[in-house]
Amino acid sequence: MSRPRELAARFEAYGEWRKRLARGVADLHAWLRERELADAEVDFKVAEVQERLREDRLVVAFVAEYSRGKSELINAIFFADFGARLLPATAGRTTMCPTELLFDASRPPSIQLLPIETRLKDTTIQEFRNYADEWTTFELDLSNASKMSEALARVSEVKTVPIALARALGLQDEPGLSNPLRDGDARVDVPAWRHAIINFPHPLLQQGLVVLDTPGLNAVGAEPELTLSQLPNAQAILFVLAADTGVTKSDLEVWKRDLGGDDPQQKATRLVVLNKIDSLWDGLKSKTAIAAEIRRQVEASATLLGLPAAQIFPVSAQKGLVAKVNGDDALLQRSGLLALEDALSGKLIPAKRGIVGAATQSTVHAIAGAVREILESRQASIAEQLADLRELRGKNQDVVAHMMTRVNEDKEVFDRSVQRFGALRTVFATQTNALFDVIGLEALRVNAGRTRRGIERSPFTKGVRNAMADFFTSIRRDFDIAGRQATEIHDMMQAMYARFASESRTTPYNPQPFSMLKYQKEIDRLERAYNQHFNTLWNMLSKAKFSLTRGFFETVASRVKHVYDVANADVEIWLRSVMSPLESHVREHHLQLLRRLESVKRIHVASGELEERIEELEQQYETFARGIAEIARRVESIDGIALSRDGLPAAANA
Ligand SMILES: Nc1nc2c(ncn2[C@@H]2O[C@H](COP(=O)(O)OP(=O)(O)OP(=O)(O)O)[C@@H](O)[C@H]2O)c(=O)[nH]1
Ligand SMILES: [Mg+2]
């Protein structure tokens, strides 16, 4: 192929960039450790950044009504170099369960399938991931393409079950699937699997790409976790239409439910694809007439979805795949696939780099800031000692004795503030416990239990709605209380810092306030998504489906639990960041006092040492100055990597 594979190149450059950034952070850390400037807090922050850089994943999800060509598009965009059709793509409903393609080096290449019956349990797919024995696993033989497609074809499997079971699974009303009343007994077909994970060592997946293929409308409707959790967490969502069907009512339903909302929280890049344009390649028409027809379809679709026409990409996934496999450049160009790939990589990766780079920079700056503060305060203390000692030149022992008194007075003041510090710690611990009481997991567990009982007592629209409304109301109240508690802690610490600073004649540290807004917004978003989804679901499955409602609540609850987990972890980090500078200030100040005392004592004993001591201190002062400059230099170099471009052609960076 004459054209560089831009998408692949971009991904690779992104992986490289993450590695360079991780190296920069590791170097800074090693440097700090050598000088004993890395305390537990620094180690912790560095580990967090490194984990983030290593684990970073980019999820690209494909959403559409069935048979629009999602799976074919995935084959064409990501896996054409496989030389064959990797995912099954056939007429009618093909992908029967959400299918994730990823690479996890700790496991052999395989396809893992979660049986549909697991829907009877109150456990989310996310939780099931931790239990390999719940999944049916087939290893993939990478050297054998036909065996591979055979294994991957399992995502299409259906099974026939009694209608009562289908009902319990919340699946019997699936249009297009049901073929009830076979031989007089009521049995229907349902998807055999609930979720599939394909672990496949493809270079793009190795770089951290995760591709999520979803089944058409109704199966998505029945698996709330997809709408509530997996799609909102994707970095890009491709919505696929087909030129041979145009925009149908069910296309619009999918669009509205999963992509149409103007939820500001949902920042994912959304691209709309008009697939199967080859169905318009009428051999009897001129190229211009065909292009005009495609244009018209793009514009009509754009109007229906309320988007500018430029955001819709006309492609032929099928011809694109064929062209890539056969190395047919003209056909590839005509398939429109390259323009779509450019848009995908051009939007997605820079956005992701921005987020990851900013997060790394902010941690590095925080670490460097804290270390610089320590160095500067050591430097200031040396400057003070130097000033004292220079004063002493040619003075008598009386003056030295006077200095001793001064240092001793300072030490007394310090001892009193250490006592106060001890008392403060006790208050701090009490307040911290109170904070974790309101937003701890136990509080959530109690609330969720109450809601479950509410739903069981009254599994009808009104009862479920009330129970859920109460659930969200009490979460909101808890976060309000927690917010006030955090403000109290903040104010108390700020007062303590101010006092300590004035007593020790240093500049006061300003602890960061903690805001609950982020979590409250996420809870609001979940409630909105839940309401929207609940309406769709309830209309679709008009009879009350207790099991489904239950499963539905468990998904919401597990998303909420995630918010609590993040909030708890953030609060913990915050509490440490509020307290630990005070601890290190106290420690530092104590050391400095001891050094001063030591210094004066030595001179008291033998004033001959004065010049020697001054020189020694001057050298120490220089060492600290060099250290401060060196940190600044290292931070600058990490900033440089974080903000660097990926070295691809300028067009790719536009
Ligand atoms: N003519 C034409 N057919 C296509 C194109 N892309 C996909 N198809 C066909 O459309 C049918 C459906 O394609 P799939 O990729 O299975 O569609 P899907 O959206 O994954 O459908 P589900 O898995 O059922 O949700 C298959 O027969 C494909 O061969 C295309 O660009 N042109
Ligand atoms: Mg499919």
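This is a chat about a predicted model of one protein chain and its two ligands.

Biologist: Hi! What should I know before I start looking?

Modeller: This is a predicted model, where local features need pLDDT of at least 70, side-chain atom pairs count only at pLDDT 80 or more, and totals for chains, interfaces and linings use all residues. Residues are numbered from 1 along each chain as its sequence is written, chains are lettered from A and ligands numbered from 1 in the order in which they are written, and side-chain values use heavy atoms, with hydrogens and water left out.

Biologist: Thanks! How many helices and strands does the chain have?

Modeller: The chain has 21 helices and 11 strands. These are DSSP runs, numbered from the N terminus: helices are H or I with at least four residues, strands are E with at least two.

Biologist: And what share of the residues is buried?

Modeller: Buried residues are 50% of the 654 in the chain. Buried means under 20% relative accessible area, exposed means over 50%, and partly exposed is in between, using a 1.4 Å probe and protein chains only.

Biologist: What about the surface, how much area does the chain expose?

Modeller: About 30000 Å², and carbon and sulfur atoms supply 53% of that. Accessible areas come from the Shrake-Rupley method with a 1.4 Å probe; for residues, only the protein chains shown count as cover.

Biologist: Let's go to the metal. Which residues are the protein donors of the magnesium ion?

Modeller: Ser-71 (through OG) and Thr-95 (through OG1) are the protein donors of ligand 2, the magnesium ion, at 2.0 to 2.1 Å. Donors are N, O and S atoms within 2.8 Å of the metal (3.2 Å for Na, K and Ca); water is not among the atoms, so sites may look incomplete.

Biologist: Where in the chain do those two sit?

Modeller: The pair links distant parts of the chain, 24 residues apart: Ser-71 is in helix H3 (residues 70–78), while Thr-95 is in the loop between H3 and strand E2 (99–102).

Biologist: Are they buried or exposed?

Modeller: Ser-71 counts as buried because its relative accessible area is 6%, and Thr-95 counts as buried because its value is 7%.

Biologist: How many residues of H3 are buried?

Modeller: H3 is mostly covered, with 9 of its 9 residues buried. Among them are Lys-70, Glu-72 and Phe-78.

Biologist: Next, ligand 1. How many residues surround it?

Modeller: There are 22 residues around ligand 1, and the closest are Ser-67, Lys-70, Thr-94, Thr-95 and Asp-278. A residue is near a molecule or strand if one of its heavy atoms lies within 4 Å of it.

Biologist: So Thr-95 turns up again! How far is its side chain from an oxygen atom of ligand 1?

Modeller: An N or O atom in the Thr-95 side chain is 2.7 Å from an oxygen atom of ligand 1. Ser-316 has a polar side-chain atom 3.2 Å from an oxygen atom of ligand 1. A polar backbone atom of Arg-68 is also 3.2 Å from an oxygen atom of the ligand. A polar contact is a pair of N or O atoms within 3.5 Å; within protein, one must be able to donate a hydrogen and the other to accept it, and residues adjacent in sequence count only if both atoms are side-chain atoms.

Biologist: What percentage of ligand 1 does the protein cover?

Modeller: On its own, ligand 1 has 650 Å² of accessible area, and the protein covers 90% of that.

Biologist: Ser-67 was on your list too. Where is it?

Modeller: Ser-67 is in the loop between strand E1 (58–63) and H3. Ser-67 counts as partly exposed because its relative accessibility is 29%. The phi of Ser-67 is near 65°, a positive value in a residue other than glycine.

Biologist: Why mention the sign?

Modeller: Most residues other than glycine have a negative phi.

Biologist: Got it. Now Thr-118: which residues is it in contact with?

Modeller: Leaving aside neighbours within four places in sequence, Thr-118 is in contact with Phe-128 and Arg-194, where contact means heavy atoms within 4.5 Å. A polar atom of the Thr-118 side chain is 2.7 Å from the backbone oxygen of Pro-115. Thr-118 is buried, at 5% relative accessibility.

Biologist: Last one: what does the side chain of Arg-353 reach?

Modeller: The Arg-353 side chain reaches the backbone oxygen of Ser-644 at 2.4 Å. Arg-353 lies in helix H14 (residues 337–392) and is buried, with a relative accessible area of 9%.
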